Amino acid sequence: MSDDAKPSTELTLRGLRVFVALEEAGSVIGAATRIGGSPSGVSQHITALEAAVGARLFDRKAKPVTLTPAGQVLRRHAHKLLAALSEAQADLAEISLASLPQLNLAIIDDLDASLTPVLVSALQSRMSRCFVHAFSGRSDHVIDRLIAREADIGVSAMVPPDTSAFRVLPILREPFVLVAGKGSVRGDVRAALDRLPFVQYSESLPIGQRIARHLARVRMTPDRRFALEATRSVLAMVVQTGGWTITTPLNLMDAERFLPDLEVMPLPFAGDVRRVHLIARVDELGHLPEELARDCRALIRSRLVPRFDAIAPALAGAIEVAEEE
């Protein structure tokens, strides 16, 4: 729909959405950002609404803008109407899901082996005639697929640049941890890291870029000798060199065969946390994304958390599963 409002004596859904955006954002610019429109368009919609109700709705001289008495009355009805519309859209989407021919998933590769079979099974049980295609890869590639509509649902440690078009449902948060060759770190941990070879993720990867930024923040400057892309290769090189790396619990469990030759411990400096989300486009797929997010959380809580706690008892509880919404 056009960003511009046409003079009208009726309340419109677009006008009510703009009204709620301005009420919540507190500024015309903030409202325009929320709805993906222009400040002039927001002002025109509010002017049209005020003409329709015959009263001013906002005191625009206040910073942030505040509701007038008429605006407070409209606020109650606007929220109820928009909530009812959202529920109706979700119910209609549920009906259309039954005949959905194909659904595309995109999942970060460090959760692929554990999560993909569960999600595919959950989808097949809900939509027995739907063909499910699953892609696994880097977080930035998952986001690229969502934006390009090559994926309907993504599980990623990144979010789209413009989140207004997507539902972002939290799944878990996990700390970055130190992994070193068994027996190579003794005494002062930070001093040991200064003398041991650092095995880094390639900075072409989101995780490699993030670790490099964090090391710069804590003023760690390990020698740059080599960089690898796959966690399995990184951990294999740590074992071979007796060196160290930084990774996350999920990545570590994706390369579990190397664990007998490794030690996992907290970082000896300020840490960093990675968050993983389930992402779907707004107003599509009904309640399915929320149901799949609950499935993901249940799997991680029942299987992955106990596995990591057994691997690294000193870091038990490090993986925090998001609360149900």
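Among contacts in the protein chain between residues at least 6 apart in sequence, what percentage join residues at least 24 apart? The share of such contacts is 74%.

**Figure 1. Overview of the predicted model of the protein chain.** The protein chain contains 11 helices and 13 strands. Along the principal axes, its C-alpha atoms fill a box of roughly 75 × 50 × 30 Å. Of its 325 residues, 45% count as buried. The accessible surface of the protein chain amounts to about 16200 Å², and carbon and sulfur atoms account for 53% of that surface.

**Figure 2. Close-up of the six-stranded open sheet.** The strands follow the order β4-β3-β5-β12-β6-β13, and their pairing is mixed. The edge positions are held by β4 (131–137) and β13 (320–321); each has a single partner strand, so one side of each is left without a neighbour in the sheet. Strand β3 (residues 102–108) runs parallel to β4 and is joined to it by seven bridges. Within this pair of strands, N104 stands opposite H133 of β4.

**Figure 3. Close-up of helix α11 lying across strands of the six-stranded sheet.** Helix α11 spans residues 288–311. The strands that it lies across are β3, β5 (153–156), β6 (166–175), β12 (273–281) and β13. With respect to β6, helix α11 runs at about 10°.

**Figure 4. Close-up of the three-stranded open sheet.** Here the strand order is β10-β7-β11, and the pairing is antiparallel. Strands β10 (244–247) and β11 (262–265) stand at the edges with a single partner strand each, so one side of each lacks a neighbour in the sheet. Direction ignored, neighbouring strands of this sheet are turned against each other by 25° on average. Four bridges connect strand β7 (residues 177–181) with β10, the two running antiparallel. Opposite V179 stands T245 of β10.

**Figure 5. Close-up of the contact between helices α2 and α3.** The axes of helix α2 (residues 28–35) and helix α3 (residues 39–53) approach within 8 Å and cross at roughly 100°. An angle from 65 to 115 degrees counts as roughly perpendicular, and α2 and α3 are therefore roughly perpendicular to each other. From α2, the residues V28, I29, A31, A32 and I35 take part in the contact, where they meet P39, V42 and S43 of α3. Seven residues of this contact are nonpolar and one is polar, while no charged residue is present.

**Figure 6. Close-up of H214 in helix α8.** Helix α8 comprises residues 206–217. The relative accessibility of H214 is 7%, and this residue therefore counts as buried, the cut-off being under 20%. Not counting residues up to four places away in sequence, H214 touches F269, A270, G271 and D272.

**Figure 7. Close-up of V189 in helix α7.** Helix α7 covers residues 189–195. V189 has a relative accessible area of 23% and is therefore partly exposed, a class that lies between the limits of 20% and 50%. Leaving aside neighbours within four places in sequence, V189 is in contact with L178 and P268. Residue A32, one of the α2 residues shown in the contact with α3, is 157 residues from V189 along the chain. The C-alpha atoms of V189 and A32 are separated by 50 Å.

Conventions: Residues numbered from 1 in each chain as written. Predicted model: local features only at pLDDT ≥ 70, side-chain atom pairs only at ≥ 80, totals over all residues. Heavy atoms only, no water. Axes fitted to C-alpha atoms, helices over the stretch in contact; angles between N-to-C directions. Parallel < 35°, antiparallel > 145°, perpendicular 65-115°, else oblique. Contact = heavy atoms within 4.5 Å. Nonpolar A, V, L, I, M, F, W, Y, C, P; charged D, E, K, R; others polar. Pairing = 2+ DSSP bridges. Buried < 20%, exposed > 50% of the residue type's maximum accessible area, 1.4 Å probe, protein only. Areas by Shrake-Rupley, 256 points an atom, 1.4 Å probe, with all protein chains shown as cover.
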